[in-house]
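Q: Hi! I have a structure open and would love to talk it through with you. Could you help me find my way around?

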Amino acid sequence: ISGVLLDVLTHRAEERGVTPLRPGEGLLVGSAGLFNNASNLIRQGAQSKIVVGHGDDADRKQRQEKGLAQACAILNDLDVASHNSEQLEVLLSQAVLRGCDPSLHETEQLALCVKSIGSLSQSFKTAANEAMEALESLLQPRLRAIVNEAVGSDNTSSTFMSSSVMRGGNATDRTMSRMHYELDEETYNLLQLSESYITRLCTLLDELIEPLRKHLLPRLWDRLLIDLLGTVKRRLDSAIRKCSFTALRALA
């Protein structure tokens, strides 16, 4: 098990589990930066529901969904192997106690051999964790693009916490209103109704990682999600520090 199965599952997870999930080039979408706001994403989703009835699009979506399920199943195999190794250790330990003479030296050696399966189970779990780290690294460029889409890149940090609002009820008369504490009442209310940076951020994140949530085992998904949110947090921290500082902004 340790000499063959662990090595095979580890390499398979890297080549057929992680690599095919590269955003934009693989099975996961890579649209961050192509949409200006969440409403465009919503409209695109509505249009895709209309088009999905066509044979080519339906077949493509079906193939993509199947590919996602297969890639995640390969990643899940490592965690399943860890669980099954634990169960195998319990099963064999009970078999040794029931079927072997405890006074024999061979029985003691056999019991020690069975006990070593516990470290093997940990090896599978470590390999599964490393696969999630590799997947998180693969998603990092897209995560950076998503944060830049929501809060602005280093060169456009002035767009952070900004939103397009209408003045005077004219849909064609739009202006970017920065989220600050010198807005008049009318502009403030319009800003509350308009799309916020966090809405864009969450919409694009959901678009990227929701397919993984549906197919990964809960433990692997939880670990991946925490790592991804950690990456997003670090990017947001960097953007927030570039904003003009006021006491009220610090409180927010």
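Q: Let's start with one residue: is P218 buried or exposed?
A: P218 has a relative accessible area of 57%. The cut-off for exposed is over 50%, so P218 counts as exposed. Keep in mind as we go that this is a predicted model.

Q: Which helix is P218 in?
A: P218 sits in helix α8.

Q: And how far apart are P218 and N76 in space?
A: Going from C-alpha to C-alpha, P218 and N76 are 9.7 Å apart, while in sequence 142 residues separate them.

Q: Okay, zooming out. How many helices and strands does the protein chain have?
A: The chain has nine helices and two strands. Read along the sequence, their order is α-α-α-α-α-β-β-α-α-α-α.

Q: What percentage of the residues count as buried?
A: Of the 252 residues in the protein chain, 32% count as buried.

Q: What about contacts between residues 24 or more positions apart?
A: Take the contacts in the chain with a separation of 6 or more: 74% of them join residues 24 or more positions apart.

Q: Nice. Which residues in the largest nonpolar core touch the most other members?
A: That core has 43 residues, and the ones touching the most other members are L21, L75, L78, L135, L201, L212 and L216.

Q: Which helices each supply at least two residues of this core?
A: Those are α1 (5–18), α3 (55–99), α5 (117–151), α7 (197–215) and α8 (218–241). The largest share comes from α5, with 14 residues.

Q: Can we look at L21 more closely? What is L21 in contact with, leaving aside its neighbours within four places in sequence?
A: With those neighbours set aside, L21 is in contact with L27, L28, L68, A71, L75, L135, L138, L139 and L212. L75, L135 and L212 also appear among the core residues that touch the most other members.

Q: Back to α5, then. How do the axes of α5 and α7 cross?
A: Their axes come within 8 Å and cross at roughly 155°. Angles over 145 degrees count as roughly antiparallel, so α5 and α7 are roughly antiparallel to each other. The crossing of α5 past α7 is right-handed.

Q: Which residues of α5 and α7 meet?
A: On the α5 side you'll find L135, L139, R142, L143, I146, V147, E149, A150 and V151, and they meet Y197, R200, L201, L204, L205, L208 and L212 of α7. Sorted by class, this contact has 13 nonpolar, no polar and three charged residues.

Q: And at what angle do α5 and α8 pack?
A: α5 and α8 pack at about 35°, and their axes are 8 Å apart. α5 passes α8 in a right-handed crossing too. The residues of this contact divide into 13 nonpolar, four polar and eight charged.

Q: One more topic: where is P141?
A: P141 is in helix α5. With 44% relative accessibility, P141 counts as partly exposed. From C-alpha to C-alpha, P141 and P23 are 8.9 Å apart, though their positions lie 118 residues apart in sequence.

Q: And S119, where is that one?
A: S119 is placed in helix α5. Its relative accessibility is 49%, so S119 counts as partly exposed.

Q: How far is S119 from S85?
A: Their C-alpha atoms are separated by 9.3 Å, and along the chain S119 and S85 are 34 residues apart.

Definitions and conventions:
Residues are numbered from 1 along each chain as its sequence is written. This is a predicted model: local features need pLDDT of at least 70, side-chain atom pairs count only at pLDDT 80 or more; totals for chains, interfaces and linings use all residues. Side-chain values use heavy atoms; hydrogens and water are left out. A nonpolar core is a set of buried Ala, Val, Leu, Ile, Met, Phe, Trp, Tyr and Cys residues joined through side-chain atoms within 4.5 Å. Buried means under 20% relative accessible area, exposed over 50%, partly exposed in between (1.4 Å probe, protein chains only). Helices (H or I, at least four residues) and strands (E, at least two) are DSSP runs, numbered from the N terminus. Contact means heavy atoms within 4.5 Å. Axes are lines fitted to C-alpha atoms, for helices over the stretch in contact, and angles run from 0 to 180 degrees between N-to-C directions. Angles under 35 degrees count as roughly parallel, over 145 as roughly antiparallel, 65 to 115 as roughly perpendicular and the rest as oblique. A crossing is left-handed if the near helix is turned anticlockwise from the far one by less than a right angle, and right-handed if clockwise. Ala, Val, Leu, Ile, Met, Phe, Trp, Tyr, Cys and Pro count as nonpolar, Asp, Glu, Lys and Arg as charged, and the others, Gly among them, as polar.
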